[in-house]
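This report describes the fold of one protein chain and the surroundings of its ligand. Please consult the sequence and the structure shown here alongside the text.

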Amino acid sequence: ADEARYALDNLADRTAELFHPTLRIGVTGLSRAGKTVFITALVHNLLHGGRLPLLNAQAEGRIGRTYLEEQPDDAVPRFQYEEHVRTILEDRQWPQSTRAISELRLTIEFQSASGWSRLFSAGRISLDIVDYPGEWLLDLPLLDKDFAAFSQESLERASLPQRSAIASPFLEMMRQIDLAAPADEVTSQRLSASFADYLRRCREDDAALSTLAPGRFLMPGDLEGSPALTFAPLPVTPGAEYPKNSFAAVHARRYEAYKTVVVKPFFREHFARLDRQILLVDAMQAINAGPDAVRDLETALTDILTCFRPGRASWLGGLLTRRVDRLLVAATKADHLHRESHRRMEAIVRRLVNSAVQRAQFSGAQTEVIAMAAVRATREASVEDHGERLPVIVGTPLMGERIAGKLFDGETETAIFPGDLPKDPAALLAAGDEALASMAPLTFVRFKPPRLEKDESGLTLSLPHIRLDRALQFLIGDRLA
Ligand code: GDP
């Protein structure tokens with residue numbers, strides 16, 4: 001049934017495509033990686049003829065009209081572009097982050113680069129931009145696991161040194177549960193809430209962990225409070241039979257429901273229909289939190305990337321007939337670093353996704369890793385310090401940010417030496433924990449979004465960025481040729 005429904009969706013997409021060329025672009029990344037900011041900046045720059053010299057069609061003056069249109073899927077929330085732009089430009093604040101899936105259609109009219117196709121007609125392509133939490137992709141491995149296996153893995157993870165303190169309230173509550181006793185709803189809810197709370201706290205700044213399935217416990221979308229989201233791992237014995245309506249049986253049933261009504265529909269209805277994908281990664285946060293967080297990020301990224309090239313024999317592998325043919329991994333918020341560190345950041349992220357990306361390339365997808373800032377909130381400068389030239393970034397920290405004890409009011413510009421990323425990150429990461437642990441922490445504060453900037457001609461105003469145009473050229477450039 002899954003396959004039949006998917007085949008129908010796919011056929012409908014393909015038929016529509018004949019009359020109206022479209023490209024479905026997935027935008028994902030773990031929470032706060034920068035998805036909302038990326039989509040907002042991308043759309044704003046395309047709509048307003050922003051400075052995008054590395055997007056060939058734009059540089060060659062071949063882009064004509066660009067406009068937003070009704071999105072094709074009526075049941076998916078619309079990406080709140082207008083509101084987000086207003087928040088950035090008028091309030092000078094960052095917009096509300098991604099909480100669930102949303103979609104936006106942007107249509108571009110362009111002239112083809114080759115004179116031959118130009119004879120026939122001007123080109124037109126619609127980008128269907130699909131924004132969804134990367135946490136949801138972490139659920140794919142659950143499809144191959146029953147409740148006992150899921151529980152065992154989750155509980156093992158919860159006992160890892162970097163997690164056990166955070167997990168202890170949940171583990172304690174779980175130990176009180178009599179697996180064979182009749183389940184009562186209040187206890188189930190409390191237990192599940194405590195498990196979700198543990199996962200959420202793993203995400204927070206100090207720990208900054210990333211491998212945290214089930215994904216909807218972090219990003220419930222519109223399913224908060226439903227039975228399919230009200231379960232927790234329990235120390236059940238594999239293969240054992242538990243009385244009907246016991247804690248063990250009820251939680252196992254809800255876990256299965258989670259897979260059927262939450263995980264599978266997402267992969268079938270949304271994920272399996274993507275043509276291109278960008279995965280945003282906030283590596284700085286993990287680097288600052290230390291080696292455990294970096295290793296954890298690596299695991300999460302590998303799990304996420306595996307979704308794009310699942311084994312043929314797996315549920316998703318059997319479903320995917322159309323596959324993402326371009327995959328961009330972008331380290332975001334590069335404006336927090338001086339340009340001299342961008343290459344190093346790229347090298348670190350490349351190292352983190354290395355094995356997974358190689359697998360994707362192996363099966364025919366083009367992949368690229370870049371360091372980028374969808375919105376550049378800082379500028380670069382250098383200061384002299386004891387005869388040494390130090391590269392710094394200059395920006396306005398958000399109100400309430402602190403650097404070395406100094407509290408900022410949201411109006412005061414300041415120069416920051418962001419710190420050095422390791423020179424040879426591949427070797428450094430490979431060398432193990434000590435090198436990574438001994439690194440001085442980066443100075444990382446949140447800056448206020450910038451104002452629109454004039455381009456060289458002085459005529460257009462656009463949102464400043466770093467290499468957003470390179471990301472665009474990779475994602476859509478070939479379709480504007
Ligand atoms: P999402 O959860 O993936 O949708 O993340 P957001 O797009 O909401 O980004 C989370 C936060 O990261 C924002 O509130 C900003 O503080 C910061 N951020 C994201 N992208 C950029 C960027 O390009 N430059 C800067 N300076 N900050 C960014």
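The sections below treat the sheet, the ligand shell with its main helix, and some individual residues.

## Sheet architecture

The structure is a predicted model. In it, 7 strands form an open sheet in the order S2-S3-S4-S1-S5-S6-S7, and the pairing is mixed. Strand S2 (63-69) and strand S7 (366-371) are the edge strands, each paired on one side only. From one strand to the next, the twist averages 20 degrees.

Helix H16 (residues 468-476) lies across several of these strands, namely S1, strand S4 (123-131), S5, strand S6 (326-331) and S7. With respect to S6, helix H16 runs at about 165 degrees.

## Strand S1 and its partners

Strand S1 comprises residues 22-29. The strand is mostly covered, with 6 of its 8 residues buried. In the strand order, S1 stands between S4 and S5. Strands S1 and S4 run parallel and are joined by 6 bridges; within this pair, Ile25 stands opposite Ile129 in S4.

The pairing of S1 with strand S5 (residues 276-281) is also in the parallel sense, over 5 bridges. Here Val27 of the chain stands opposite Ile278 in S5, and Thr28 stands opposite Leu279 in S5.

## Strand S5

How many of the 6 residues of S5 are buried? The count is 6 of 6, and S5 is accordingly described as mostly covered. In a regular strand, side chains alternate between the two faces of the sheet. In S5, Arg276, Ile278 and Leu280 point one way, while Gln277, Leu279 and Val281 point the other way. All of these residues are buried, on either side of the strand.

Strand S5 also pairs with S6, in the parallel sense and over 6 bridges. Within this pair, the bridge partner of Val281 is Ala331 in S6.

## Ligand shell and helix H2

There are 20 residues around the ligand, and those that come nearest are Gly34, Lys35, Thr36, Trp94 and Ser97. By residue class, the shell divides into 8 nonpolar, 7 polar and 5 charged residues. Helix H2 (residues 35-47) supplies the largest share of this shell, 3 residues.

Helix H2 has 13 residues, and the distance from its first C-alpha to its last is 18 Å, close to the 18 Å expected at 1.5 Å a residue. The helix is mostly covered, with 12 of its 13 residues buried. Among the buried residues are Lys35 and Thr36, both of which are also listed with the residues that come nearest to the ligand. Other buried positions of H2 include Val37, Phe38, Ile39, His44 and Asn45. Just after H2, Gly49 takes a positive phi of about 60 degrees.

## Residues with positive phi

Two residues other than glycine also have a positive phi. Lys333 has a value of about 60 degrees and is found in the loop between S6 and helix H13 (342-362). Is Lys333 buried or exposed? Lys333 is buried, because 29 other C-beta atoms lie within 10 Å.

His386 has a positive phi of about 50 degrees, although it is not a glycine. The residue is placed in the loop between strand S8 (379-385) and strand S9 (388-395). His386 counts as exposed because it has 5 C-beta neighbours inside 10 Å.

## Leu319 and its contacts

Leu319 lies in helix H12 (residues 315-319). Because it has 19 C-beta neighbours inside 10 Å, Leu319 counts as partly exposed; the threshold for a buried residue is 20 or more.

Which residues are in contact with Leu319, leaving aside its neighbours within four places in sequence? They are Asp2, Glu3, Tyr6, Arg268 and Ala272. In addition, Leu319 and Ala4 are 315 residues apart in sequence, and their C-alpha atoms are 9.3 Å apart in space.

Note on methods: Residues are numbered from 1 along each chain as its sequence is written. This is a predicted model: local features need pLDDT of at least 70, side-chain atom pairs count only at pLDDT 80 or more; totals for chains, interfaces and linings use all residues. Two strands pair if DSSP finds at least two bridges between them. Helices (H or I, at least four residues) and strands (E, at least two) are DSSP runs, numbered from the N terminus. Axes are lines fitted to C-alpha atoms, for helices over the stretch in contact, and angles run from 0 to 180 degrees between N-to-C directions. Two residues are in contact if their C-beta atoms, placed from the backbone, lie within 7 Å. A residue is near a molecule or strand if its C-beta atom, placed from the backbone, lies within 6 Å of it. Ala, Val, Leu, Ile, Met, Phe, Trp, Tyr, Cys and Pro count as nonpolar, Asp, Glu, Lys and Arg as charged, and the others, Gly among them, as polar. The expected span of a helix is 1.5 Å times one less than its number of residues.
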